[in-house]
Amino acid sequence: MPTSSPVQVAIAGEALIDLIGRADGNYEPCLGGALYNLGRALARQGVGTQYLNPLSRDRWGRELAAQLAADGVQLALPTPVGEVTSLAVVNLTEHGHPDYAFYREGVADRTVSAAGLNAACAAHGGALQLVCTGALALDARDAAIYLPWLQAQRAAGRCVVVDANVRPSVMPDLPAYRAQVQAALAEAHIIKASDEDLDHLQVPGTGTLERARHLLAANPRARLMALTLGGEGAWLLQQGEGAAQWFAKEAQPLAVVDTVGAGDSFLAGLLAYLLRAHAQQDGSAPADMADFIAALPAAVYPQALRHALASASLCVQERGCVPPGWQAAQDWAGQHPAVDQLP
């Protein structure tokens, strides 16, 4: 599903191989990494997307690059590097949730600089609307790369999207890691977090929604937050006390194969919907993406949330990360009306 659209979204973060444990004790290699998955998922939904990190010249790096090309993602650094590809060993819990162990020392996707990321983004000028990062890119050991880049991109007027996607089990210094995640969230216009992320970040509050509201309020420069609850649905929350919020959940249980890439597909669906709405704006709407999101009519948000949820729902019915295209997500949303209120 390649797209020749101008680059609207630039993605920075990990690309790796998920070695997914099977019932027979063997491991199945799958292309992965949260930001890599997000780039693929956006391109499959027709969004012009560029992946900013280098890839290895080893076998896995070549496969990662080939899949990005097949999906229509552009590479900012098409020449491969000598460092090896990151690995993640993934064992699924009894509920199909992934449990990760990462191998990321001296790997290709970490051989990048803030200056290099900024230069790649500058090459797209005003066509570039959003920059996205999160997950393993929020490792405190890489703070000198991603945080200055986010700050520079926000200062340049681009909409910053940060997916917390916290992985505490592989971070040697948890307080430093949490601080780096919080520092990145402080630069975001759009925050994505899961209920598990709220636990890992030790966000206070008596309920999941209250805790999500606390995290959003703690980052006052953010305009919007997406909160995912796994099989229990998702919320969109606007900034500000008493601001609007929307909920959606699949009305019927899904035939879940695994949840690898579900959150990435959800975020891609949300961003793809917002970008399409932006492209269809009339002359009176704000040209700046962040201002546009803040000024969207209330009716657009539940539609965007439903599209995002449909994107995740289709992904979990496949093995590994297989993000759906735009029309597939639209069709699923139309054929499977969602619950929009808590029981």
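Okay, let's start in the middle of the sheet: strand β10, residues 190-194, pairs with β11 in the parallel sense, over 5 bridges. Pairing here needs at least two bridges found by DSSP between two strands, and the elements themselves are DSSP runs numbered from the N terminus, with helices being H or I of at least four residues and strands being E of at least two.

Before I go on, the housekeeping. This is a predicted model, so local features need pLDDT of at least 70 and side-chain atom pairs count only at pLDDT 80 or more, while totals for chains, interfaces and linings use all residues. Residues are numbered from 1 along each chain as its sequence is written, and side-chain values use heavy atoms, with hydrogens and water left out.

Back to β11, residues 224-228. On the β10 side, I190 stands opposite L224. On the other side there's β12, residues 234-238, running antiparallel to β11 and joined to it by 5 bridges, and there L224 stands opposite Q238. The hairpin of β11 and β12 has 5 residues between the strands, and G230 in that hairpin takes a positive phi near 65°.

So how many residues of β11 are buried? It's 5 of 5, where buried means under 20% relative accessible area, exposed means over 50%, and partly exposed is in between, with a 1.4 Å probe and protein chains only. In a regular strand the side chains alternate between the two faces of the sheet. Here L224, A226 and T228 point one way, M225 and L227 the other, and all are buried.

Zooming out, the open sheet has 10 strands with mixed pairing, in the order β5-β4-β1-β8-β9-β10-β11-β12-β13-β14. The edges are β5 (74-75) and β14 (338-339), each pairing on one side only. At the β5 end, β4 (residues 49-51) runs parallel to β5 with 2 bridges, and Q50 stands opposite Q74.

Now the helices. α4 lies across β1 (9-11), β8 and β9 (159-163), at about 160° to β8. For angles like that, axes are lines fitted to C-alpha atoms, for helices over the stretch in contact, and the angle runs from 0 to 180 degrees between N-to-C directions.

Then there's the pair of α8, residues 262-279, and α10, residues 300-315: their axes come within 7 Å and cross at roughly 145°. From α8 the contact includes F266, L270 and Y273, and from α10 it includes L305, L309 and C315; contact means heavy atoms within 4.5 Å. By class that's 12 nonpolar, 5 polar and no charged residues. The nonpolar class is Ala, Val, Leu, Ile, Met, Phe, Trp, Tyr, Cys and Pro, the charged one is Asp, Glu, Lys and Arg, and the others, Gly among them, are polar.

C315 brings me to the cysteines. A search of the whole structure finds 0 disulfides, a disulfide being a pair of cysteine sulfur atoms within 2.5 Å. Why no bond for C315? Its closest cysteine sulfur, in C321, is 4.5 Å away, too far for a bond. C315 is buried at 0% relative accessible area. For C121 the closest one is in C132, at 10 Å, again too far.

Last, two backbone oddities. A135 has a positive phi near 55° without being glycine; A135 sits in the loop between β8 (130-134) and α4 (143-155), buried at 3%. Q202, also not glycine, has phi near 55°, in the loop between α6 (195-200) and α7 (208-217), but Q202 is exposed at 55%.
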